[in-house]
Amino acid sequence: MRWGKAAGSVAGGLVLACLSPCAPALAAAPANDDFADAQALPSSLPAEVSGSNVEATKEQFESVGIFAAGHSVWFKWEAPSTGFVSINGCKSSFHAVLGVFTGTALGSLTMVAGDNSGAGNGCEYTGAEYTFKATVGTVYEIAVDGNGFYLPESPKPITDGELTLRIEATPPPANDDFADAIPIEGRIDEEPGGDRFYFGSARGYNWGASKESGEPDHEGDQGGASVWYSWIAPETGDARVSACCGIGPVLLGIYTGNSVSALSPIAKDTVAGFPVSAGTKYYFAVDGKFNGGAGEAAMGSFSIDVGMPLTPNRGLPAGPALPARSAADTTPPQTTIAKRSIKAGKREAVFSFRSSESNGSFRCKLDRRRFAVCGSPKAYMHLKLGEHTLTVLAVDAAGNEDLTPAIAHFAIAKQQPR
């Protein structure tokens with residue numbers, strides 16, 4: 001240990017040493033801080049390695065991603081076979097961003113996966129998982145950095161710490177065949193004024209998917225990597241369905257029928273949607289447009305959404321009438337918000353609440369909307385970005401309203417720091 005110099009003197013000229021330790025030396029940068037010192041991962045899958053990017057730096061010509069904070073470390077992996085693989089930093093102590101490249105020198109690398117392309121289904125809302133088609137014998141250079149993105153009103157995110165990098169084979173989608181179509185489930189939401197809406201969604205991918213014998217060409221394109229979903233219409237009306245966004249040119253087919261070779265297509269309008277009958281099962285095929293140059297259909301991850309306006313409850317702008325207030329009971333109930341689930345990536349929020357008295361009801365108000373009768377749990381969808389306030393008050397069987405409603409403040413942001 002090094003020690004400081006003498007700090008002063010006393011009467012008579014005697015100089016005393018001030019034995020205070022010098023400031024500790026900075027932590028050393030990781031051994032794989034530089035591209036040239038990339039740490040090799042096992043070729044066999046799954047492969048997982050732990051490490052750190054504390055004190056890591058950014059090299060000249062290095063470009064990991066738009067929001068990379070400049071604390072990158074490097075790994076390399078040689079593909080043992082050709083096929084789709086997924087790579088992620090989900091278990092890292094910070095919000096990780098990844099870049100997968102081929103090449104032998106910074107400044108001349110080719111990005112295979114990274115930024116917003118090829119995002120996988122793991123690491124929900126973090127964008128830290130990617131899927132790509134690896135080629136046997138190819139060495140892939142992998143950079144792990146911290147995500148430095150944050151909104152002005154949010155605290156700066158942590159961009160370094162302990163990290164875990166994992167590579168694994170990507171299985172074919174479970175709903176590759178029509179017979180294995182995944183059901184889409186949703187819920188009905190009622191807004192003040194009696195307006196009612198249905199919304200359902202699912203996430204999926206078509207990496208490694210195929211086209212069945214007898215399967216039609218969706219939207220007139222041969223495609224070749226389709227996956228299937230089923231959906232039962234909650235009411236009669238007009239529905240809208242869409243699939244977005246990782247596939248690129250996406251094909252979407254809407255059908256009724258009992259087998260892949262006996263389907264009846266249903267035409268959709270980009271504005272009006274398509275007509276549906278209550279209780280009828282519909283099938284949606286999601287495929288990628290065929291790429292003649294690559295000789296295969298476009299593949300990627302996506303979300304499929306189904307929505308429709310339902311028959312409004314006109315005449316009940318604030319829900320059913322409340323019971324008449326009893327002269328014998330004048331004590332208002334107390335309201336408590338018991339649980340909340342905020343899904344910023346989907347712009348959804350779900351709240352559960354309770355009353356100190358039974359056999360009553362609730363009224364909810366989001367932001368500046370009017371109070372309306374609501375039930376627990378209460379879900380809000382398609383929320384705008386920014387700050388929101390939910391106000392909930394309980395009403396007991398005698399008609400007494402809580403004079404001190406429960407209030408929850410929450411935010412919907414594009415990307416939440418971890």
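## A disulfide and a buried glutamate

With 70° about the S-S bond, the link between Cys364 and Cys374 is right-handed. Cys364 sits in strand β26 (residues 361-366) and Cys374 in strand β27 (residues 372-374), 10 residues apart, and the pair links distant parts of the chain. The sulfurs are 1.9 Å from each other, and a search of the whole structure turns up just this 1 disulfide (a pair of cysteine sulfur atoms within 2.5 Å). Both Cys364 and Cys374 are buried, meaning under 20% relative accessible area with a 1.4 Å probe, protein chains only.

All this comes from a predicted model, where local features need pLDDT of at least 70, side-chain atom pairs need 80 or more, and totals for chains, interfaces and linings use all residues. Residues are numbered from 1 along each chain as its sequence is written, and side-chain values use heavy atoms, leaving out hydrogens and water.

Stepping back, the protein has 0 helices and 30 strands (DSSP runs numbered from the N terminus: H or I of at least four residues for helices, E of at least two for strands). Of its 418 residues, 40% count as buried.

Now look at the loop between β14 (196-205) and β15 (227-232), where you'll find Glu215. Glu215 is buried yet has no salt bridge, that is, no side-chain nitrogen of Lys or Arg within 4 Å of its carboxyl oxygens. The nearest side chain of opposite charge, Lys211, is 5.8 Å away. What joins the side chains of Glu215 and Ser226? A polar contact of 2.5 Å does, and another of 2.7 Å joins the side chains of Glu215 and His218.

Note on methods
Buried < 20%, exposed > 50% of the residue type's maximum accessible area, 1.4 Å probe, protein only. Lys, Arg positive; Asp, Glu negative; His and termini not counted. Polar contact = N/O pair within 3.5 Å; in protein donor to acceptor, adjacent residues only side chain to side chain.
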